[in-house]
Amino acid sequence: MSKLLDQVFNPNTFREEGYKLINELAEYMEKIIHGSSDLPVLPYNTPDEMFSFWEKDFNISSDKNLNEFFSKIINKSIHLHNPKYMGHQVPPVLPAAALSDFLSSFMNNATGVYEMGSAGIAIEKLVIKVLAKSIGMNESAEGVLTSGGTLGNLTALLALRQAKTNYNIWKEGTKNKTAILVSEESHYSIDRAVRIMGWGDDGIVKVLGNNNFKLDVNNLNDAFRMAAKKGIEVIGVVANSCSTSLGLFDPLDEISDFCMKNNLWLHVDGAHGGPAAFSEKYKHLVKGIEKADSVIIDFHKLLMHPSLVTAVLFKDGDRSYETFSQKASYLWEAKEEKDWYNLGKRTFECTKNTMSLKVYSIIRTYGLKFFDEIVTSLFDLGNQFAELIKERKDFELAVEPESNIICFRFLGKKKNEEELNLLNRQIRKTLIEDGKYFIVQTEVKNKTYLRTCLMNPFTSLNDLNDLLDEIEKIAKRFHN
Ligand SMILES: *Cc1c(COP(=O)(O)O)cnc(C)c1O
């Protein structure tokens, strides 16, 4: 064996470097989750500055030490465990889930084929079963884990397409003009999935929400009729639980009745808000989710897992075998022939990492009640933040929030919409460059709003009050 290979696989070095890394992360966590770290939330660098930093790093001629590299990475990262991080829907991860991910990387069992990942595959079936039960689906539900909500949506929409066309579309390609009805507020991955399926512009019928930006059955009905008049066959509906931009939940009970009546497949995009089902206090927001034909739920958003792990659930488990083959519907007709353990037949991934491990490590150690606790506390915090915003006369909410996503803007002295948009963009840019907070922004009907996703249960009302103070201070810098 070469000397270098021996060095790379030296167990003592591995042990030493591993201990050091865990130590460093533990110290980091100790400080950061209580807000006492002096690291900025986002150590802001322009893309070119960042590139030249790493180019210099690569060209250092001295000994390259792995732990020193790890420290650099920590310093150059956006710090999601900081309670003042409240930007995109990416969470501070649960330490136990991160450890499980590390173990999964090292063992590198691939869960596409049974022999290659048997423990993880059995655990995946268990995780899916527990999740399906938690959202109220019955024993016949089945599904898979996959790499993210985007792929999850595409997987579910392919099953929808197989189920609702009466010819072998997998073999013959698309023959008729088919479409799905979606909310104007749906995530872009839905639009993308439809275009990947080759349905083009006509394949996606955007339905106007009511005044609350939620799907409305009257509007669904109108859109359904209009499409039929144009010779487009609508075969399904996609509802949001919740929408990405504003965090609002579509009324699933009514929508599922509409789908049942019109023989349409209902897909629920619960990437962000699906976990509301775990919360005794907030599960009313997803009432009816169990009636959907397919549902996706991301574990790497509200449930605080490292990315990526998404569940795709099918109410009628047999459907999950049809995604990638029309034939499957008769091939797997006899129940015993459904080889649930060869997951690659039902997922995009061929080599798939053991993503079930991290989920199971959490529910096995802390129980499902922990998911209730996370969701409930983050949604409570969202409601309390909205109250703080309403108390300040210079601020305005975009909508009454229903989740941990809160959108608002600074008004200050009355101005026209264009000036307000500019001011709020300036505020957000200054805020994140200062590094004390990280928030994002969104456009709603041509208005720019500041957008916060409260992903960190350690974020306090004090932090949120301070954020509003900070925004007022920054606005003054722009003479407001
Ligand atoms: C985040 C999100 C997605 C995309 O999920 P990824 O895991 O980021 O691919 C899809 N739909 C909704 C509603 C989302 O919030």
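Student: Where does C242 sit, and what makes its neighbours β4 and α11 a strand and a helix?
Tutor: C242 is in the loop between β4 (233–240) and α11 (252–261). Helices are DSSP runs of H or I with at least four residues, strands are runs of E with at least two, and both are numbered from the N terminus.

Student: Before we go on, what kind of model is this?
Tutor: This is a predicted model, in which local features need pLDDT of at least 70 and side-chain atom pairs count only at pLDDT 80 or more, while totals for chains, interfaces and linings use all residues. Residues are numbered from 1 along each chain as its sequence is written, and side-chain values use heavy atoms, with hydrogens and water left out.

Student: What is unusual about the bond between S241 and C242?
Tutor: S241 and C242 are joined by a cis peptide bond, with omega at about -5 degrees. A second cis bond, also with omega of about -5 degrees, links S307 to L308; L308 belongs to the loop between β6 (294–298) and β7 (310–314). Most peptide bonds are trans, and most residues other than glycine have a negative phi.

Student: Then what makes F213 worth a look?
Tutor: Its phi is positive, about 65 degrees, although F213 is not a glycine. You will find F213 in the loop between β3 (204–207) and α10 (217–229).

Student: Which residues line the second largest cavity, and why is it called a cavity?
Tutor: S183, E184, E185, V207, G209, F213 and K445 line it. On a 1 Å grid over the protein atoms alone, a 1.4 Å probe fits at a cavity's points but cannot get out, and lining residues have an atom within 4 Å of a point; a pocket is instead an open set with protein on both sides within 12 Å along at least five of seven lines. The space here is about 40 Å³, a volume being what is filled by probe spheres set on the points, which are joined across faces, edges and corners.

Student: What makes the largest cavity's lining nonpolar or polar?
Tutor: Ala, Val, Leu, Ile, Met, Phe, Trp, Tyr, Cys and Pro count as nonpolar, Asp, Glu, Lys and Arg as charged, and the others, Gly among them, as polar. The largest cavity is lined by V127, V130, L131, F278, F299, V359, I363, L368 and F371, so by that rule its lining has nine nonpolar, no polar and no charged residues. Its largest share, three residues, comes from α6.

Student: And what about the largest pocket?
Tutor: It has a volume of about 1200 Å³ and 31 lining residues, with L21, I22, L25, V93 and A98 nearest its centre. Eleven of the lining residues come from α2, the largest share. By class, the lining has 22 nonpolar, six polar and three charged residues.

Student: How do you know that D269 makes a polar contact with the ligand?
Tutor: A polar contact is a pair of N or O atoms within 3.5 Å. An N or O atom in the D269 side chain is 2.7 Å from a nitrogen atom of the ligand, so this pair qualifies. D298 offers a side-chain N or O atom 2.9 Å from a ligand oxygen, and a polar side-chain atom of Q89 is 3.1 Å from an oxygen atom of the ligand.

Student: Finally, where should I be cautious?
Tutor: pLDDT is the predictor's confidence in each residue, from 0 to 100; the protein's mean is 93, and 97% of its residues reach 70 or more. Over residues 330–336, however, the pLDDT is below 50. Where pLDDT is low, the predicted coordinates should not be read in detail.

Terms used:
Contact = heavy atoms within 4.5 Å. Polar contact = N/O pair within 3.5 Å; in protein donor to acceptor, adjacent residues only side chain to side chain.
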